[in-house]
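New to this one? Here is a short walk through some of its helices and a few residues worth finding on screen.

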Amino acid sequence: LNYRLDLFILGVLAGYASVGRYTLAVSLGQLIWLLSSSAASVLLPKIAAAEGSTDAVQNTNRLNRLILWASIGSALLLGVAASQAIPLLYGEAFRPSFLALVLILPGIAVFSTVNILAAYLAGIGQPRLNLAVAVVALIVTISLDLYLIPKFDIVGASLASTASYSVSALLTIILYIRKTGSPLRQILLPTSE
């Protein structure tokens, strides 16, 4: 619901042309999640089998750093390529999708952290923490969509999504740190490793 609710609100408040343009931006941006979703699918059963091993935490930290920075790099490349590709492939009517994409890419990139760290939390038997994060993010999405979409159309929807994804990332990182004791730098910053 959190990932698609903005489309319904956009449809009601701004119309179907806006939904089409925004859907293009979101669909292109969410391609970046293929990295983190695939990694999380492999990570979850390994964490569940590890039963609280310190290696599991170190591996999760390492994987999160790698996926986060790969997602940031992918977002930058996609943003550059989309400036020419969207009007070329979809026509001038979809040019507004580019700004929406650029504004949602930071949220999509940081949300890759949620996919990885949420897999760890679920793997240690704490899926309710992920549910709590999703509920808070849903409240952020609804609130900001209702406020921003009437004023800024698809740009407002993108800003609301980026804010929601960022809140999800922040809360998930906080919960992960509380459960593992990992320093923030080990979760987010590249290392010589």
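Helix 5 is a good place to begin, and it is mostly covered: 20 of its 28 residues are buried. Keep in mind as you look around that this is a predicted model.

Helix 5 runs over residues 96-123, and its length can be checked with a little arithmetic. At 1.5 Å a residue, its 28 residues should span 40 Å, and the C-alpha atoms at its ends are indeed 40 Å apart, so the two values agree. There is a bend along the way, though: the helix turns by about 35 degrees at I104, with a proline, P106, following within four residues. After helix 5 comes G125, which has a positive phi, near 85 degrees.

Now jump back to helix 1, residues 5-13. Its buried residues are L5, D6, L7, I9, L10 and G11. What covers them includes helix 2 and helix 6. Helix 1, too, is followed by a glycine with a positive phi: G15, near 105 degrees.

Positive phi also turns up at a residue that is not a glycine, namely D153, at about 60 degrees. You'll find D153 inside helix 6. Here are the positive phi values side by side:

| Residue | Where | Phi |
|---|---|---|
| G15 | follows helix 1 | near 105 degrees |
| G125 | follows helix 5 | near 85 degrees |
| D153 | has a positive phi but is not a glycine | about 60 degrees |

How exposed is D153? Its relative accessibility is 28%, so D153 counts as partly exposed.

Helix 6, residues 127-180, is also home to V140. Is V140 buried or exposed? With 19% relative accessibility it counts as buried, because the cut-off for buried is under 20%. Setting aside neighbours within four places in sequence, V140 touches A163, S164 and V167. Take S164: it sits 24 residues away from V140 along the chain, yet their C-alpha atoms are separated by 5.6 Å.

Last stop: helix 2 (residues 16-29) and helix 4 (residues 54-90). These two pack at an angle of about 135 degrees, and their axes are 12 Å apart. The two helices are therefore oblique to each other. Helix 2 makes a right-handed crossing as it passes helix 4. Which residues meet there? From helix 2 come L24, L28 and G29, and they meet L78, I86 and Y90 of helix 4.

Conventions. Residues are numbered from 1 along each chain as its sequence is written. This is a predicted model: local features need pLDDT of at least 70, side-chain atom pairs count only at pLDDT 80 or more; totals for chains, interfaces and linings use all residues. Side-chain values use heavy atoms; hydrogens and water are left out. The expected span of a helix is 1.5 Å times one less than its number of residues. The bend at a residue is the angle between axes fitted to the seven residues ending there and the seven starting there. Buried means under 20% relative accessible area, exposed over 50%, partly exposed in between (1.4 Å probe, protein chains only). Contact means heavy atoms within 4.5 Å. Axes are lines fitted to C-alpha atoms, for helices over the stretch in contact, and angles run from 0 to 180 degrees between N-to-C directions. Angles under 35 degrees count as roughly parallel, over 145 as roughly antiparallel, 65 to 115 as roughly perpendicular and the rest as oblique. A crossing is left-handed if the near helix is turned anticlockwise from the far one by less than a right angle, and right-handed if clockwise.
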